[in-house]
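Reader: I would like to talk through the charged side chains here. Could you show me the structure and take me through the reasoning behind each label?

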Amino acid sequence: MFGPNQHLEYLVNVKESHRDSSFCYKYLKTVDKFKEKFHLQDYDILFIGGGGTIGIESIFFSCKNKIEVIGREGVFKDRWQKLSELYCKKSNKKTNLFCQLETSNSQTFHQENCYVDAISSFPYYDIPNSSKVFATCSNKQLGSLIGLSIVAVKKDCWSDFIDEHTFSYLNLSRYKFFQKSNQTPSTTPTYIFEHLLCKLKNFDVDRLRETVDDNCKKIRSKISEENIIGESNCPVITIKKSSIKKELAEKYQIYGINNNSKYYQIFTYNNEPEALQDMIRSL
């Protein structure tokens with residue numbers, strides 16, 4: 001109930017392909033609105049079919065430099081370290097990549113001039129101004145449908161990446177090349193762009209931050225600080241399982257009830273305030 005994705009009801013009515021002029025116009029408007037909403041005119045905004053993790057892998061595949069994973073220890077740092085080993089480059093140049101929010105334990109990290117995993121952090125946390133590249137997704141805090149990874153590459157950093165002639169659907173330069181025609185290299189879920197564009201038009205970063213802060217405050221009123229792991233004011237509150245009765249966790253399907261983690265997690269940007277308030281009363 002309080003997991004990473006918003007609860008949505010959306011009627012999909014697909015009337016166009018990803019090569020139709022109507023979609024190309026929608027693609028262009030989505031790129032422009034994303035840049036405008038988050039002040040990202042210095043970046044190229046690329047949309048890749050799949051979750052945020054596909055965006056991270058596309059960065060590892062496309063970068064000519066060796067990528068070293070830094071930051072807080074956790075599940076996602078471990079995953080990106082495996083990608084670093086898989087796509088180990090021979091270049092002497094090195095670039096650092098970090099999780100801005102290590103979701104597995106709600107710990108934040110900040111460093112300049114890096115690549116950033118902002119999948120769970122954006123846009124509650126500002127992207128460091130000097131970030132060369134960052135990746136996020138259409139769902140989670142943006143509140144749209146699952147299925148689009150969003151990769152932002154600073155316009156003066158393309159020399160770090162292979163060119164569009166390397167044939168792969170992970171090659172970021174091919175997405176940049178196809179963007180000239182407001183298209184993507186592969187079949188794209190067109191309806192997600194429609195939904196994402198609608199969400200972006202009405203998106204209010206300040207309101208998102210106020211919602212997260214208010215929900216965190218409510219949770220802290222019932223869960224003591226010693227039972228909270230990492231940041232206690234955060235888009236993801238991580239809680240020791242021993243602090244919540246299992247029957248309550250099952251009733252509200254708190255994230256983590258169905259895995260072997262030592263923790264429960266509550267994603268505090270979720271848009272069901274009545275459900276959250278009901279759970280807090282039960283706690």
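Author: Gladly! Let us start with a term: a helix here is a DSSP run of H or I with at least four residues, numbered from the N terminus. Please keep in mind that this is a predicted model.

Reader: What makes arginine 281 and aspartate 278 about one helical turn apart?

Author: Both belong to helix α8, residues 273-282, and they are 3 residues apart in it, so about one helical turn separates them.

Reader: Why is the contact between arginine 281 and aspartate 278 called a salt bridge?

Author: The N to O distance between their side chains is 3.6 Å. The cut-off is 4 Å between a side-chain nitrogen of Lys or Arg and a carboxyl oxygen of Asp or Glu, so the pair qualifies. By this rule, the count comes to 9 salt bridges.

Reader: How do you know which of these two labels, exposed or partly exposed, fits arginine 281 and which fits aspartate 278?

Author: Exposed means over 50% relative accessible area, so arginine 281, at 57%, is exposed. Aspartate 278 has 30%, which lies between the 20% and 50% limits, and therefore counts as partly exposed.

Reader: What makes lysine 26 and glutamate 194 a salt bridge, and where do they sit in the chain?

Author: Their N to O distance is 3.5 Å, and that is within 4 Å, so the rule is met. This pair links distant parts of the chain: lysine 26 is in helix α1 (residues 21-38) and glutamate 194 in helix α5 (residues 190-201), 168 residues apart. Glu16 joins Lys26 and Glu194 in a network of salt bridges.

Reader: Why does lysine 26 get the label it has, buried or exposed?

Author: Its relative accessibility is 17%, and buried means under 20%, so lysine 26 is buried. Glutamate 194, at 38%, falls between the two limits and so is partly exposed.

Reader: What about aspartate 160 and lysine 93?

Author: They meet at 3.9 Å, N to O, which is still within 4 Å, so this too is a salt bridge. Aspartate 160 lies in the loop between β8 and α4, and lysine 93 in the loop between α3 and β3, 67 residues apart. With 5% relative accessible area against a limit of 20%, aspartate 160 is therefore buried.

Reader: Which residues form the negative surface patch, and how do you know that aspartate 206 is exposed?

Author: The patch is formed by Asp204, Asp206, Glu210 and Asp213. Aspartate 206, found in helix α6 (residues 205-220), has 51% relative accessibility, over the 50% limit, so it counts as exposed.

How values were computed. Residues are numbered from 1 along each chain as its sequence is written. This is a predicted model: local features need pLDDT of at least 70, side-chain atom pairs count only at pLDDT 80 or more; totals for chains, interfaces and linings use all residues. Side-chain values use heavy atoms; hydrogens and water are left out. Helices (H or I, at least four residues) and strands (E, at least two) are DSSP runs, numbered from the N terminus. Buried means under 20% relative accessible area, exposed over 50%, partly exposed in between (1.4 Å probe, protein chains only). Patches are made of residues with over 30% relative accessible area and no salt bridge: like charges are joined within 9 Å, nonpolar side chains (Val, Leu, Ile, Met, Phe, Trp, Tyr) within 5 Å. Accessible areas come from the Shrake-Rupley method with a 1.4 Å probe; for residues, only the protein chains shown count as cover. Lys and Arg count as positive and Asp and Glu as negative; His and the chain ends are not counted. The place of a charge is taken as NZ of Lys, CZ of Arg, CG of Asp or CD of Glu.
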